[in-house]
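The exercises below ask the reader to work from a sequence and its model to particular local features. Please look at both before turning to the solutions.

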Amino acid sequence: MFPRGDAGQPGPASENGPLPNVPPLYQSVGYELTDLAALQLAVDGGRHLYVRHGAPNEEAVATLLSQLEARGGPPELRVEATLFSSGMAAIEAAVMAVLDDRRVGSRDKPPLVVMASPIYSASRSLLCALANRGLMTLHELEVPDTAAVAAIAEREPVALIFCEVLTNPRLRVPDLPALAQIANQHGATLLVDSTLATPLLCRPLTLGAHLVVHSATKFLGGHGDLCAGVVAGSPELIARVRAHRQLFGSVLDPFAAWLLQRSLRTLHVRLSRQIENATALANFLSDRAEELSIREVIYPGLPSHPDHALAAQLLDRPGAMLAFTLKSPEVARRAFERVRLLRRVASLGDVESLIMYPAATWRRTLSEKELARFGIAPGLLRISVGLEDIADLCADLQGALRPE
Ligand code: PLP
């Protein structure tokens, strides 16, 4: 007989319990059923059955995130959330949950999706891929052009409006209440990717959006050590999103959920320090723009940002991302290679400051024309600001930007 060993048996008894705020990790794939009644209850969703249907660590994180997303909203706002193995899996499930609704589109006319660009390049590629497979018709507009979204919705039925709050890398802010009004008036679903804002800075569901997605790989996880995604919305929509996850299997591993549980306990402190650093760095670069050959500093907290006023209205604080354009692309490329403290990593939201060169990163997914249209100039550098000492960050960039 295969030995069972001690695994799965309770550990040694101790009078001293573990810290109550360090949650246990339930890595179990299946749940042992006491009897047939327990099986029937589990099949109906009243108890745990199998990890792909939902598991305790994932559910604890989902509950916390749904509370954060509902914060400040009207008392009747009911929010649930569900987690995924990546941000992309979350976006795909949210989009498909809307498209799967029998009320949208018809056999010979696929549902119309309006994408308020720029959006994350992989999200854009995903929507284009779904459109190429005939699952939707895609209409691309620019973020501030709310009037154009209204005009399309007047002309024909729109199933989904997809936008990001704090776009990447120019950190534009869509007029979420206006988009929500258009969506509600025309029976469309407004889906907002709020990865760069997090629910601490912006809660789109309280502003009228129907679904919110995050790459939890970024600020929510925050330590560069986990990949996860989240979708939040009404219980009815989330039930559809969960059903999609169960079927397609993009479930979050319990250990990654546990890491995320750990990370969320420090989110408010991390983000607060990151925003303080981002504000100080944006001011430092603006004040020395001439000396450092900087053409523009892009940060919603600066009055020069085109959405400064809207950001102040819709976001609690201006976020921890910034970008700047050098007068010469050569200086940008040199600075990217010269930084010593900032890390050259194609991600964001980490406790460490990360620098990226978007024109090089996205040259495979966006054409030259699209890069120019989305304002991704060859001299632009993006920084996700971390927790370091601000004097060290300023010195690192100043050193990297110095003339030859
Ligand atoms: N949404 C935004 C705004 C992102 O920046 C990213 C990744 O960079 C994603 C979604 C996708 O997230 P993930 O990498 O966790 O799949």
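Each exercise gives a task and then a solution in steps.

The model is predicted, so that local features need pLDDT of at least 70 and side-chain atom pairs count only at pLDDT 80 or more, whereas totals for chains, interfaces and linings use all residues. Residues are numbered from 1 along each chain as its sequence is written, and side-chain values use heavy atoms, with hydrogens and water left out.

**Exercise 1. Salt bridges across the sequence**

Task: Find which residue forms a salt bridge with Arg124, and state whether Arg124 is buried or exposed.

Solution. A salt bridge is taken as a side-chain nitrogen of Lys or Arg within 4 Å of a carboxyl oxygen of Asp or Glu. By that criterion Arg124 pairs with Glu370, with 2.9 Å between the closest N and O atoms. Arg124 belongs to helix α4 and Glu370 to helix α14 (residues 368-373), so the pair ties together parts 246 residues apart in sequence; helices here are DSSP runs of H or I with at least four residues, strands are runs of E with at least two, and both are numbered from the N terminus. Both Arg124 and Glu370 are buried, where buried means under 20% relative accessible area, exposed over 50%, and partly exposed in between (1.4 Å probe, protein chains only).

**Exercise 2. A pair within one helix**

Task: Locate the salt bridge between Arg333 and Glu330, and determine in which helix the two residues lie.

Solution. The side chains of Arg333 and Glu330 meet at 3.7 Å, N to O. Both residues are in helix α12, three residues apart, which is about one turn of the helix. Arg333 counts as partly exposed because its relative accessibility is 39%, and Glu330 is likewise classed as partly exposed, because its relative accessible area is 44%. Turning to shared partners, salt bridges join Arg124, Glu140, Glu142, Glu370 and Arg373 into one network. The structure as a whole holds 16 salt bridges.

**Exercise 3. Two helices that cross**

Task: Describe how helix α3 (residues 87-99) and helix α8 (residues 235-248) cross, and name residues that make the contact.

Solution. The two axes come within 9 Å and cross at roughly 115°, the axes being lines fitted to C-alpha atoms over the stretch in contact, with angles that run from 0 to 180 degrees between N-to-C directions. The contact (heavy atoms within 4.5 Å) involves Glu92, Ala93, Ala94, Met96, Ala97 and Val98 on the α3 side, and Arg240, Val241 and His244 on the α8 side.

**Exercise 4. Backbone in the loop between β4 and α6**

Task: Examine the loop between β4 (160-164) and α6 (176-186), asking which peptide bond is cis and what phi Leu166 has.

Solution. The bond from Asn168 to Pro169 is cis, with omega near 5°, and Pro169 is placed in this loop. Leu166, in the loop between β4 and α6 as well, has a phi near 70°, a positive value in a residue other than glycine. Leu171 is another residue of the loop, and its phi is also positive, at about 55°, although it is not a glycine. Leu166 counts as buried because its relative accessibility is 2%, and Leu171 is buried because its relative accessible area is 2%.
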